[in-house]
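Student: Got a minute to go through this one with me? I'd like to start with what sits at the surface.

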Amino acid sequence: MKKLLVIALVFALSLSVVFAQAAKEETKVQTASSDFVYDGNGPITDLDGQHLSILAQNSYYTTVDLRQAPIIKKVQEDANVTVDWTLIDPTNYQDAVSPMLASGTDLPDIVLIPTLDPNQQYSSSGMFVALDEYFNLMPNFTKWLDENPETKASLTASDGHIYYVPLTNVTKNYQPVIMYNYKWLSDAGFSVPTTLDELLTVMRYYNSHDMNGNGKQDEVALSIQAAFLPYMFGPAFGLNFTSSDGFFAKDDGTVVYAQATPEYKEYLEFLNSMYKEGLLELEYTTLTRDQIIERFAQDKTGITFDFGWQSSMTYSPQLPYYDGTMATGVVLERPLEGPHGCFYVGRNAIGGIYGVNADSDRIELAVKFLDYAMCEKNQEMYVWGIEGESYTVEPDGTKKYTEKASDNNWLQSLGINPAQVFPAQQSVEATDALVAKWHADQDDVVATYVKSPWPFIYSTEDEASVVSMYMVDIQTYVDEMAVAFVTGTTPLSEYDAYVDALNKMNLQDLLKVKQAQWDRYAKAMN
């Protein structure tokens, strides 16, 4: 009797699974004719009246509603799909959307995830579709992944699946770099510094001469925000500081924590000597970009470090004598050579991610829509806009922004670079067209010195637990001690004690986690 009851129970459970699956299949909506083939170009369906729901961000410009933007409408029209948008103010997006994802119910077909899901909180729960199971419907995305193996490795979850379509940043061009007031260099008779020692020589000269000719000694040789100090000077000591809090892999694949290495002590000694000599100002921890802009406007500073975009777009126009030429501008230049290196650190490509709701009754239409949004024709439209309106094509095939496009408010209302609603990729070509010609040419040179940072890598649940348990306290301690060592309130003779303290704060456990992540990433790369 017991055996019969067990058999009956198993049979009943099997029937319930079959019926549940059949019910789920019945709820699916037909989104294309059986003989329609999507090839990566629009339309993505041959049936009229198809629609999708998308949760994403609205524009950062309060006067712009992306639902009405011509570029966004054009993508929908060419796809033959109507989108029911839920667009939220980007400043409130994470706070608004995180509770919706926590509940996991009544989600739209496509969601712009409010984070990069670093701990696989959403993907591991089954909330979003494993897109690699639909790659036969995503020719644009799969082609893009093949062309970008590093980003593909970052997008690969610990279970081997890919759950998200990314929006991306430029990674080598227009990155944080050193910039010089070229007129000051010329007036002082210096060429562009290439080493740390040459830089110090120039700075000493600026701090002891009336470079702006106002009869006062009010010059500040170097104006830099504290957050950029590691990126300006760290690479000269072989340190690849990254947004991952200082972890990086050496050439042999060994992961180290930059702020606990012998080279970091050399870096601190260098900054401490600058501070003692007055080459690094007393208030260096509080200096802001606005203050640096004001210094250039008053012709009071000769060197800075910032994103390369700022060169001709922000800093150069502030100078009272800038005439549009490189000789009168604030010019981005090559990195400084030190005892252990000469490079810059770039950015990670992934700026955001889109997922397809696993409970959607239009999964195939949704994955095709995300794929179509990534096609080359649309990517070109995202960065240039609409031909004849925001840009023209020259006889030699190059594109040029129109005078109308110089009105940024109008350009934003067009829906330019709509990364808040589509997986858009930033364009070096389009940025080159906006900046001064000398700026674009110089950026190409500088980009050759840029190294990749620590990649974005998904954490397993156990890894995330270790990081959340120890990293905040370690980072706080490291930040405090960096200021103490640089300003001399803590002597560098106590550096070994500082490293011992980090190890007691479980740094070695963090290194094991980061090593496992790097090994997993390297395997995905292969």
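Tutor: Sure, cut-offs first: buried is under 20% relative accessible area, exposed is over 50%, and partly exposed is in between (1.4 Å probe, protein chains only). This is a predicted model, where local features need pLDDT of at least 70 and side-chain atom pairs count only at pLDDT 80 or more, while totals for chains, interfaces and linings use all residues. Residues are numbered from 1 along each chain as its sequence is written, and side-chain values use heavy atoms, with hydrogens and water left out.

Student: OK. Is D146 buried or exposed?

Tutor: D146 counts as exposed, because its relative accessibility is 57%. Its side chain meets that of K152 in a salt bridge, 4.0 Å from N to O; the term stands for a side-chain nitrogen of Lys or Arg within 4 Å of a carboxyl oxygen of Asp or Glu. K152 comes out as partly exposed, at 32% relative accessibility.

Student: How many salt bridges does the structure hold?

Tutor: There are 15 salt bridges. K74, D78 and K377, for instance, are linked in a network of them.

Student: And what does E147 form a salt bridge with?

Tutor: With K143, where the closest N and O atoms are 2.7 Å apart. The two sit four residues apart in helix α4 (residues 139-147), about one turn of the helix. Helices (H or I, at least four residues) and strands (E, at least two) are DSSP runs, numbered from the N terminus. E147 is partly exposed at 49% relative accessible area, and K143 is partly exposed at 41%.

Student: Which other side chain does K143 meet in a salt bridge?

Tutor: That of E376, at 3.4 Å from N to O. This pair links distant parts of the chain: K143 is in helix α4, E376 is in helix α13 (residues 376-384), and 233 residues separate them. E376 is exposed, with a relative accessible area of 61%.

Student: Switching to sheets. What order do the five strands of the open sheet take?

Tutor: The order is β2-β1-β3-β12-β4, with mixed pairing. Two strands pair if DSSP finds at least two bridges between them. β2 (82-88) and β4 (165-168) are the edge strands, each pairing on one side only. From one strand to the next, the twist averages 20°; axes here are lines fitted to C-alpha atoms, for helices over the stretch in contact, and angles run from 0 to 180 degrees between N-to-C directions.

Student: How many bridges join β1 to β2?

Tutor: Seven, and strand β1 (residues 51-57) runs parallel to β2. A56, for example, has L87 in β2 as its bridge partner.

Student: What about the sheet with four strands, what's the order there?

Tutor: That open sheet goes β6-β9-β5-β10, and the pairing is mixed. Its edges are β6 (220-223) and β10 (330-333), each paired on one side only. β6 pairs with strand β9 (residues 301-307) in the parallel sense over three bridges, and S223 has T304 in β9 as its bridge partner. A helix packs on this sheet too: α10 (residues 289-297) touches β6, β9 and β10, and its direction makes about 145° with that of β9. Contact means heavy atoms within 4.5 Å.

Student: In which sense do β5 and β10 pair?

Tutor: Antiparallel: strand β5 (residues 176-181) and β10 share four bridges. M179 has L332 in β10 as its bridge partner.

Student: Which way do the β10 side chains point?

Tutor: V330 and L332 point one way, V331 and E333 the other, and all are buried. In a regular strand, side chains alternate between the two faces of the sheet.

Student: Where is Q225 found?

Tutor: In the loop between β6 and α8 (229-233). At 17% relative accessibility, Q225 counts as buried. Leaving aside neighbours within four places in sequence, Q225 is in contact with L287, T288, R289, I292 and D306.

Student: Last one: why is helix α12 largely enclosed by the rest of the structure?

Tutor: Because ten of the eleven residues of α12 (residues 363-373) are buried. The buried ones include charged K368 and D371, along with F369 and Y372.
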